[in-house]
Structures are given as structure tokens and as C-alpha cells.
Amino acid sequence: MQVREKGKKALKILRITAAFAAMIIMTAACMPQAGPGQAPAEEASGAATAAVPEETGTGMTEEAAEAGTKETEAAPEEEEETSQVAEGPRKGMKAGRIFNTQKNELDEFTGGEPGDQTGHETRIDKYALYYRTPDYPWTCLLHCTDPELAERAADLAALTAANDLVGYDSGSLKTTFWDHLAASCYDPAQITIACSANCATSILSIYKAAGYQLGIEALQGIDHSGNASDVPGILMATGLFEKVTDEGRLHSPDHNHAGDVYVAPGRHVILQVTDGRKAD
């Protein structure tokens, strides 16, 4: 059993390394993004949509939830194991980390400036304690069944969080992240113009970009402007995800994988970027 488990972990590391190497090759072949003052290559899609905040559901307010952000919130010691990611933008991250975006610099859903003004508008987080409570309204987890795609999306999420030109907005700016991502060879690290997204449009854009990088047509045409309630339908329609409703999987990252998407319709969406400590 121990030999089998070690073999599985070795294969996992090799797969992650190969995926990262492929991303480097693709990035090197890309042209840089248009400079400041120039329009992105792709026309803005849905940028004039009405300002409809994502995180406005009932129950615990996101204001209260945001009391624990980034590395400030305590988490169970057992979750502090290092992930198996040996290379790339997620190297050295702890197990069960998530990509998260919730508020702008005004602590609001709309009205801020494009880009990340605080360093926390888009970020890599611990899986928050309040997400673990039965009261938090996760209804499903969308598990990506293509391992290479899942790893690529997780890498792109990490690159997005690292670029302070990508901030939060749930109003008219929420699709500008996609506009500049598409103009940057689908690489968040190459974005040079301030832009924004909300929880849903950021994750849809990340998976759409991964689809272009990997040549997956089913993802290239998805609606990246959808709201949190739209995410399950949009991703499930690609045939690349399976829906999980097990309460244990919804309220803990331990058994889940990089690339998994948690959905609370009308409230919030997050993306797991490293495997949980008990993931197969």
C-alpha cells in the first residue's frame, strides 16, 4: 500500500511539472499585451451589464466573514501540510488553499477602481472557518474530470492572485479581467492594464483561458459574464465537470482537488488551487 501511495504521489508531481512546462512554452510564444492607453485585442463582452453583486445572499454577511482574510484567520493545524506542487506559481503553497475574490478597496461590491488596490481583492486564502459551518450555503462542488485542465486552471488562478492589476468588481467592470486576459495570450501574469472581475466572472474567465491554452473547444465558448447562480450550468454543459453534493466535501477542502469549484448560488464562488491533505 505504501509503495502504491508513493507511486501515485510521484505521478501527481510529474503531471504538475509537465503541465507547468507546457504553460511556459505557450507563454513564450505569445505576444505581449497592448500597452497603457491601447484597447485590448478583444472587444469588451458584457462590460455594460447592470451592477448585480454576487455576494448578497442571506445568512452570514460577507462583511462579517471577511474578518478573517488571507493569512490572518486561524485554521486547524492539520491543514498546514505542504501540497504536492513542486513547480510553477503554486510551488510551496499549503494543502487545501483556495482562490478568492470578494470586495473592492471600498469594502463594497461595486464602485471601486480597476485593479487590486489593497492586495486582497484577488488572493489565495486558507479555506475559511466560516465556510466549514453547515450554515454556509454551498450547494455543490464542481469537480473537473480532466486533471491537466484542473492543474492549468489552478496555476492561472495563482497567477491572477499574484497580479495586483486584477481587482474586484461586481458591476460594469466585472468582465474587464477577461478582456485583458484574452489580450494577454490568456496569461494573467502578462496583464499590464488594471482590470476587475467578481467571484464568478474570475473563475469562468480562468477556465475559459485554460480552454484556449489547452485547445479545449468546449470551454472556449463559455459565457464568462455569468453570475454565481449561472456557474454550475455553464461549467457542467462543457462535459468536463461532475457535480458533488456530499456535505463533507462542500464544507472542507481536505478530500477535494486543485481545480474544484465551490458554488453558493446568489452568494459566492471559490476555486481550490491545491489538493486537500486527504485527496486521492
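**Exercise 1.** Which backbone nitrogen does the side chain of Asn198 reach at 3.1 Å? Place the residue in this predicted model, too.

*Solution.*
- Start with the location. Asn198 is in the loop between strand E5 (195-197) and helix H5 (199-214).
- Check the burial. Asn198 has a relative accessible area of 0%. Buried means under 20%, so Asn198 is buried.
- Find the partner. The side chain of Asn198 reaches the backbone nitrogen of Ala200 at 3.1 Å.
- Add another contact. A polar atom of the Asn198 side chain lies 2.8 Å from the backbone nitrogen of Thr201.

**Exercise 2.** Classify the aromatic pair of Tyr130 and Tyr136.

*Solution.*
- Begin with the search. The whole structure holds 12 aromatic pairs.
- Take the geometry. For Tyr130 and Tyr136, the centres are 5.9 Å apart and the planes make an angle of 55°.
- Apply the cut-offs. Under 30 degrees is stacked, over 60 is edge-to-face, and the rest is tilted, so this pair is tilted.
- Check the burial. Tyr130 is buried at 8% relative accessibility, and Tyr136 is buried at 3%.
- Widen the view. Both belong to one aromatic cluster with Tyr127, Tyr131, Trp138 and Tyr262.

**Exercise 3.** Over the face of which ring does Lys208 lie? Treat Lys103 likewise.

*Solution.*
- Lys208 lies over the face of Trp178, 4.7 Å from the ring centre.
- Lys103 lies over the face of Phe109, at 5.3 Å from the ring centre.

**Exercise 4.** How many disulfides does the model contain? Are Cys144 and Cys195 buried or exposed?

*Solution.*
- Set the cut-off. A disulfide needs two cysteine sulfur atoms within 2.5 Å.
- Count. The result is zero disulfides.
- Read the accessibility. Cys144 is buried at 4%, and Cys195 is buried at 0%.

Key
Residues are numbered from 1 along each chain as its sequence is written. This is a predicted model: local features need pLDDT of at least 70, side-chain atom pairs count only at pLDDT 80 or more; totals for chains, interfaces and linings use all residues. Side-chain values use heavy atoms; hydrogens and water are left out. Buried means under 20% relative accessible area, exposed over 50%, partly exposed in between (1.4 Å probe, protein chains only). Helices (H or I, at least four residues) and strands (E, at least two) are DSSP runs, numbered from the N terminus. A polar contact is a pair of N or O atoms within 3.5 Å; within protein, one must be able to donate a hydrogen and the other to accept it, and residues adjacent in sequence count only if both atoms are side-chain atoms. Rings of Phe, Tyr and Trp (its six-membered ring) pair if their centres lie within 6.5 Å; planes under 30 degrees apart count as stacked, over 60 as edge-to-face and the rest as tilted. A charge sits over a ring if NZ of Lys or CZ of Arg is within 6 Å of the ring centre and within 35 degrees of the ring normal.
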